[in-house]
Amino acid sequence: MLKLQEELKQDALSRFHLIYGEERYMVRYYKKCLRDRLSAPDDEMNCTIFQGEKTDPAAVADVAQILPFMVPQRLIIIQDSGFFKKATEMTEYLSDFPDSTYVVFVEREVDKRNKLYKWLGKNGCITECQHQTEPMLRKWIAGYLKREKKTISGEAVEHLMERVGTDMETLGNELDKLIGYTGERPDIGSSDIDAVCSGLTVSRIFDMIDAVAAGERDKALRYYNDLLANKESPMSILYLLSRHINILLQIRELTARGLNRGELAKKIGIPPFTVPKYSKQAAAFRSENLRQMLETRVEYEERLKKGRLSDQLAVEMFLIQALTNGTKND
């Protein structure tokens, strides 16, 4: 059990929290849990939110020194500050916060060597939200539907994950569609999934990587435009591409070490039934090409954050750069 889960269960929360990771659904879920527990709805007087990399540690410290009004604690939420990837004065300020002040940091990425990260590890609660394993997702899906008095077979769950992927936010959206579509009928089957779950994002990411492997620039960009038309944000697409490429790289390296399908799935954190499809695609690339793509992604994301590129252009340039890497096997 995560430390945060235990704290919520025991109603004994640390004063300082960091929530981060790839599974954004869980990041938002735990942030909401803490906010609901530590702050009343719409209590702007005792709950302050700081957003973005321009957040000033001194400004946070000023707010932190204000005692709560007619409630036990003041809550400060700091989102996407970048404090855990650079040197800041935040650590020194935190030590002087009054006992009535609680702080929740919400980040996408962190550097575990960072001074503030290490301080939180000793003085607070760090919750990393990783992509869930297949067994955990199956349990979560069953529980999600049980609350709506619905059931789903193991075969249908597998079909759902194969069609739409294993991102919990996407799965949640698709489950809501299925709940509405089936109405009073309690069981959900594969035919229902085919009827209402488009699976466009997952299938298009695979299609884009296939096009990159084949050197088909126009096709790769066309699939990208399909995702934009489906209201996927460019940064979300870039993240999904990066995650997909990272899976392919791990497939290549772990296969070379002799791991079987089940071991690959467990090590990488993907459903076993997806391993053959990833393996076939991974065979079209050199390992060094995949590493170069990941390095390129970091470069373009940095340029995007500094305002040198628009988000849409960053993804387009990433795809074009990927197409120049070549696909000859090791």
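When I say two helices are in contact, I mean heavy atoms within 4.5 Å. Okay, with that settled, let's look at this one, and keep in mind it's a predicted model.

Let me start with helix 6, residues 134-146, and helix 8, residues 168-182. Their axes come within 11 Å and cross at roughly 35°, and the crossing is right-handed. Who's actually touching whom? On the helix 6 side you've got Leu137, Trp140, Ile141, Tyr144 and Leu145. Facing them from helix 8 are Met168, Leu171, Gly172, Leu175, Asp176 and Ile179. If you sort that contact by class, you get nine nonpolar residues, one polar and one charged.

Now a second helix pair, helix 11 at 217-229 and helix 16 at 311-323. Here the axes sit 10 Å apart, and the packing angle is about 150°. So helix 11 is roughly antiparallel to helix 16. This crossing is right-handed too. From helix 11, the contact uses Arg217, Ala220, Leu221, Tyr224 and Leu228. Helix 16 brings in Asp311, Gln312, Val315, Glu316, Leu319, Ile320 and Leu323. The class split for helix 11 with helix 16 is eight nonpolar, one polar and three charged.

Right, on to the sheet. It's an open sheet of five strands, all paired in parallel, and the order reads 2-3-4-1-5. Which strands are at the edges? Those are strand 2, 47-51, and strand 5, 125-128, and each of them pairs on one side only. From one strand to the next, the twist averages 15°.

Let's zoom in on strand 4, residues 101-107. On one side, six bridges tie it to strand 3, residues 74-79, and the two run parallel. In that pairing, Leu75 stands opposite Tyr102. Strand 4 also pairs with strand 1, again parallel, through five bridges. There, Ile19 has Val106 as its bridge partner.

So is strand 4 buried or exposed? Seven of its seven residues are buried, so the strand is largely enclosed by the rest of the structure. And that goes for both faces: Thr101, Val103, Phe105 and Glu107 on one, with Tyr102, Val104 and Val106 on the other. Yes, Glu107 is in that buried list as well.

What lies across the sheet? Helix 3, residues 57-64, lies across strands 2, 3 and 4, running at about 165° to strand 3. Helix 1, residues 3-10, lies across strand 1, at 16-20, and strand 5, and its angle to strand 5 is about 120°.

One last residue before I stop: Met70. You'll find Met70 in the loop between helix 3 and strand 3. Why does Met70 count as exposed? Its relative accessibility is 73%, and the cut-off for exposed is over 50%. If you want a feel for distances, take Met70 and Leu241: they're 171 residues apart in sequence, and their C-alphas are 48 Å apart in space.

To recap the helix pairs: 11 Å and roughly 35° for helix 6 with helix 8, then 10 Å and about 150° for helix 11 with helix 16. And for the sheet, remember the 2-3-4-1-5 order and the buried strand 4. That's me done, so go ahead and spin the model around.

Definitions and conventions. Residues numbered from 1 in each chain as written. Predicted model: local features only at pLDDT ≥ 70, side-chain atom pairs only at ≥ 80, totals over all residues. Heavy atoms only, no water. Axes fitted to C-alpha atoms, helices over the stretch in contact; angles between N-to-C directions. Helix = DSSP H or I, 4+ residues; strand = E, 2+ residues; numbered from the N terminus. Parallel < 35°, antiparallel > 145°, perpendicular 65-115°, else oblique. Left-handed = near helix turned anticlockwise from the far one by under 90°. Nonpolar A, V, L, I, M, F, W, Y, C, P; charged D, E, K, R; others polar. Pairing = 2+ DSSP bridges. Buried < 20%, exposed > 50% of the residue type's maximum accessible area, 1.4 Å probe, protein only.
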